Amino acid sequence: MVDVLIIGGGVCGCSLLYRLSRYKLNVVLVEKENDVSLGTTKANSAIVHAGYDPEPGTKMARYNVEGNAQMEKLCQDLDVPYLRTGSLVLAFDGEQMQVVDTLFHRGRQNGVPGLQVLTPKEIREMEPNVSDQVKSALYAPTAAVISPWELAIAQAETAVKNGAQVKLNCPVTAMEKTEEGFRVTAGGEVISARFVVNAAGVDCDRVHNMLCPPSYTVYPSKGQYYLLDKSQGDLVKHVIFQCPSSQGKGVLVAPTVHGNLLVGPNAEPAEKGDVGTTAEGMDFVREKAALSVSGINYRDSIRNFAGLRANTDQEDFLVGETEVPGFFQIAGIKSPGLTSAPAIAEDMVRMLGEAGLPLQEKENFDGTRKVTRFKKLSHEERARKIQENPLYGKIVCRCETITEGEIVDALHRPLPPCSVDGVKRRCGSGMGRCQGGFCGPRVQEIIARELGVPQTQVMQDREGMYIITGETKQGGKNQ
Amino acid sequence: MSGTERQTKYDVIVVGGGPAGLAAALEAKETGAEKVLILERNHELGGILNQCIHNGFGLHHFKEELTGPEYAGRFISRLPGSGIEVMADTMVLEITPDKTVHAMNSRDGYMQLTASAIVLTMGCRERTRGAIAIPGDRPAGIFTAGAAQLYVNVEGYMVGRRVLILGSGDIGLIMARRMTLEGAKVLGCVELMPYSNGLNRNIVQCLNDYNIPLYLSHTITNIQGDKRVEKVTVSKVDENRRPIPGTEMEFECDTVLLSVGLIPENELSRQAGIRMDRRTNGPEVYENMETSIPGVFASGNVVHVHDLVDFVTAESQRAGKAAALFALHGETPPGEEILVENGACVNYTVPQKIRPENVGKFVEIFFRVNFVYRDVVIRVTSGEEVLASYKREHMAPGEMEKIVLPKALLEKARDGKIRVSVEKEAQAE
């Protein structure tokens with residue numbers, strides 16, 4: 001009997017798994033894909049929001065501010081890239097200046113520290129590349145950028161290290177209430193669980209309706225982005241927002257925690273699963289971004305992508321117990337979901353405890369993680385590292401300076417990746433300007449070798465995303 | 001400093017062991033440089049030639065047709081006994097203006113090597129889907145042509161069954177034929193421009209001979225597929241290269257190969273503070289391939305993308321020789337500099353600057369035009385004066401052009417500038 005079954009390996013599910021792994025419990029997370037973080041978690045703005053956007057009194061406001069406060073320490077503990085950049089919300093006319101004032105007061109009410117309204121001169125001093133049309137801006141020093149998928153992966157890995165289980169390729173197809181809890185069919189397996197937490201992201205309504213009468217619907221909203229080369233990465237130092245509207249937080253221009261520049265997103269209704277980009281969407285993003293920041297060189301674009309916001313017909317996040325006792329949900333998690341994830345997880349643990357889950361701490365819990373990032377080491381440390389393990393002397397990804405040692409490490413940590421992009425999310429290989437053109441085949445080969453599978457079976461990303469169709473006529477590597 | 005760090009002084013360090021690096025190193029050695037080192041990031045020397053198993057290499061340099069590996073082999077076979085040191089599987093991470101090269105490998109660890117002269121021969125990389133923002137889904141099955149070539153020719157794996165190629169650069173054309181020979185169906189080659197950027201011989205031998213259609217003035221406007229590419233939409237484009245609604249064609253395929261341009265790989269050069277030319281994406285160079293940092297030279301595709309390896313060899317021999325002379329005799333004394341300007345129809349020139357004192361009997365100027373032209377004249381002018389004219393029946397962006405300027409002409413340059421332009425023959429007469 002599983003104590004808690006979490007459905008969905010996005011940042012919310014993984015945060016909860018991590019929190020629960022410190023207790024003497026049998027905790028399992030089921031994920032329908034072949035890796036965690038493959039939904040909205042891998043395709044979003046990667047911002048740790050300060051917390052001035054949500055209406056005071058909402059769950060969103062509370063979790064946002066709490067999550068922001070927890071994030072830096074959490075990232076330190078788990079060795080997840082995090083950079084406190086601060087953010088600016090720009091106003092270009094009188095109406096927007098009022099919005100900035102409103103956000104300022106709302107932020108104060110929400111308990112956001114350090115907010116300031118800046119003059120054009122102060123803004124330009126902070127950000128010389130911001131449009132000279134700017135009239136005022138809200139400065140929030142606590143905003144940050146982060147690697148969202150690494151936050152999810154690090155928490156899942158650390159949870160597994162502490163005894164939690166992650167079952168991949170395990171889509172939930174049926175659930176029923178039983179005497180002691182629930183019977184959940186996932187990936188052909190039946191799992192009995194005392195408590196179930198639905199953290200299925202864009203699919204949360206489908207999972208909800210397996211046990212409850214429909215009470216909300218997800219209307220995914222797609223956002224498209226440009227990711228630019230590191231040559232553009234220092235164009236701005238802060239996250240640059242425009243004034244929010246009913247469409248969302250608008251198009252932002254932000255440095256990424258990996259040193260690139262992120263531009264986007266737009267907002268458009270989309271079907272579940274549709275993460276394609278469109279010419280119109282990309283045009284819109286460029287056009288809007290130009291209002292904030294001049295001189296973005298799209299010739300240095302290295303990737304476009306799109307992600308889905310799990311918007312529902314409800315205003316607030318849906319966090320708590322459903323009408324079926326023991327069936328909890330973390331649903332309708334749109335922005336600021338990433339920021340909120342640690343706080344939601346904490347609150348969910350409390351709620352589960354109140355519902356009767358015994359929260360007895362493990363004596364030997366280790367909630368930290370340390371990974372080697374060769375690129376970040378000093379010359380001396382690099383020399384030492386190579387001496388210790390010659391695989392650190394082999395650069396596999398030349399654009400991002402990722403060594404074979406780091407890739408092999410990732411493949412032998414708890415919850416190892418099985419795809420080229422799985423390695424990319426853990427190590428950063430293929431994230432650079434050649435987008436894996438040079439290192440893709442090498443990474444594929446290393447995965448095959450380390451996991452003992454044929455190279456032809458190593459996918460680009462999700463199951464079915466095959467790279468190789470077969471051998472050449474005189475194929476085979478050892479001819 | 002750790003014990004594994006080597007502190008060795010070289011006369012010439014060559015960064016990259018492809019065709020450019022091989023020619024530069026051999027020439028540096030022959031010119032008299034004593035300690036010459038090639039740093040190569042791959043396991044083997046030869047660079048991209050190793051995956052170019054088709055023939056057509058060496059017609060200029062060796063007066064015979066060789067495959068890529070054979071062409072590289074001609075140089076690699078001269079290394080044993082030459083005294084040239086080679087470190088393979090070695091990545092250069094940083095080059096400082098004082099000519100320290102930070103490099104690493106599994107065997108020697110992290111090294112800081114110093115050199116009297118450095119030759120940069122890192123080559124180029126391919127533009128990707130992200131660089132040209134092709135809309136659509138993000139399934140597997142989208143490869144740069146060179147990545148596909150590596151899989152097929154080196155790894156022995158096929159990467160698709162029904163293939164559409166975007167871009168008619170040479171690698172794309174070569175891969176159209178290669179995939180066909182390996183049993184794939186190549187549905188077409190789609191080119192945004194009204195002309196191909198590949199060599200004419202490749203259009204004939206790789207597309208026409210296999211009845212593969214070339215769609216000029218077309219581009220991919222959508223890619224569909226959840227897991228693997230399933231369908232690709234191709235549209236005709238107008239004169240501003242914008243897709244024309246209503247012209248969509250759909251191709252059912254599982255693979256898209258991209259041959260949409262090459263970018264010189266200059267992260268090391270930029271970080272060393274070398275002055276770059278925005279038009280070539282490579283370092284600005286003098287007549288002897290010296291960059292803005294004295295003693296740092298560059299040649300081959302890292303300077304400008306070549307279409308024939310034979311010219312890479314010639315250019316790199318020039319760089320290697322100059323690097324050796326620098327190591328032996330020191331810096332070129334400051335003297336007159338002539339700036340080579342780009343006139344009408346010219347996209348870039350290499351070299352960008354000429355020091356007449358350094359020129360022997362003549363200097364070669366390489367350039368590319370910005371469109372396809374017929375019956376034109378290349379003019380070299382300075383101020384109002386026409387210094388030289390060269391007739392051409394056909395010029396195209398895909399074909400690198402070369403003119404040879406006698407030293408005497410350089411002496412006529414005024415205000416330290418000459419200009420290369422292309423004009424219609426009628427206007428010229």
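**Exercise 1. In strand 11 of chain B, find the bridge partner of Glu471(A), and then describe how the two strands run.**

Solution. In this predicted model, the place to begin is Glu471(A), whose bridge partner in strand 11 of chain B is Tyr157(B). The next step is to widen the view from this pair to the strands: strand 23 of chain A and strand 11 of chain B, residues 157-158, are joined by two bridges and run antiparallel. Two bridges are what strand pairing requires at least, and the count found here is two, so the strands qualify as a pair.

**Exercise 2. Describe the interface between chain A and chain B, beginning with the residues in contact and ending with the classes of residue on the side of chain A.**

Solution. Begin with the contacts, where 57 residues of chain A meet 52 residues of chain B. Turning to area, the two chains bury about 4,400 Å² between them, and 54% of this lies on carbon and sulfur atoms.

The next step is to look at specific interactions, for which the count between chain A and chain B is three salt bridges. A salt bridge is formed by Arg398(A) with Glu265(B), their closest N and O atoms being 3.5 Å apart; this satisfies the rule because the limit is 4 Å. Between the chains there are also 18 residue pairs in polar contact, with both residues at pLDDT 80 or more.

Then ask which elements of chain A supply the surface that touches chain B: strand 18 (301-309), helix 9 (379-388), helix 12 (440-451) and strand 23 (470-471) each supply at least two residues. Helix 9 of chain A gives the most to this side, with six residues. Sorted by class, the side of chain A that touches chain B has 20 nonpolar, 23 polar and 14 charged residues.

**Exercise 3. Work out how domain 1 and domain 3 of chain B meet, starting from the domain assignment.**

Solution. The domain assignment of chain B gives domain 1 as 9-125 + 263-332, domain 2 as 128-260 and domain 3 as 340-428. Taken over C-alpha atoms, the centres of domain 1 and domain 3 of chain B are separated by 26 Å. At their interface, 21 residues of domain 1 of chain B are in contact with 18 residues of domain 3 of chain B, and the area buried is about 1,700 Å², with carbon and sulfur atoms giving 51% of it.

Five salt bridges are found across this interface of chain B, alongside twelve residue pairs in polar contact, both residues of each at pLDDT 80 or more. On the side of domain 1 that touches domain 3 of chain B, helix 8 (residues 309-329) gives the most, with three residues. The residues of that side divide into seven nonpolar, five polar and nine charged.

**Exercise 4. Carry out the corresponding analysis for domain 2 and domain 3 of chain A.**

Solution. Chain A is divided into domain 1 (1-81 + 144-216 + 310-370), domain 2 (87-141 + 219-308) and domain 3 (375-457). The centres of domain 2 and domain 3 of chain A, taken over C-alpha atoms, are 32 Å apart, and five residues of domain 2 are in contact with seven residues of domain 3. The area buried between these two domains of chain A is about 590 Å², of which 39% comes from carbon and sulfur atoms. Within domain 2 of chain A, the residues that lose the most area to domain 3 are Lys230(A), Ile302(A) and Arg303(A), which together account for 64% of what that side buries.

The count of salt bridges between domain 2 and domain 3 of chain A is two. In a separate step, consider Arg433(A) and Asp229(A), whose side chains meet in a salt bridge at 3.1 Å, N to O.

**Exercise 5. Locate the cis peptide bonds that end at Pro265(A) and Pro351(B).**

Solution. In chain A, the bond from Gly264(A) to Pro265(A) is cis, with omega near -5°, and Pro265(A) is found in the loop between strand 16 (261-264) and strand 17 (268-269) of chain A. In chain B, a cis peptide bond joins Val350(B) and Pro351(B), with omega about 0°, and Pro351(B) is placed in the loop between strand 24 (346-350) and strand 25 (353-354) of chain B.

Notes: Residues are numbered from 1 along each chain as its sequence is written. Chains are lettered from A and ligands numbered from 1 in the order in which they are written. This is a predicted model: local features need pLDDT of at least 70, side-chain atom pairs count only at pLDDT 80 or more; totals for chains, interfaces and linings use all residues. Side-chain values use heavy atoms; hydrogens and water are left out. Contact means heavy atoms within 4.5 Å. Buried area is the accessible area (1.4 Å probe) that two parts lose on being put together, summed over both. A polar contact is a pair of N or O atoms within 3.5 Å; within protein, one must be able to donate a hydrogen and the other to accept it, and residues adjacent in sequence count only if both atoms are side-chain atoms. Helices (H or I, at least four residues) and strands (E, at least two) are DSSP runs, numbered from the N terminus. Ala, Val, Leu, Ile, Met, Phe, Trp, Tyr, Cys and Pro count as nonpolar, Asp, Glu, Lys and Arg as charged, and the others, Gly among them, as polar. Domain bounds come from an automatic or database domain assignment.
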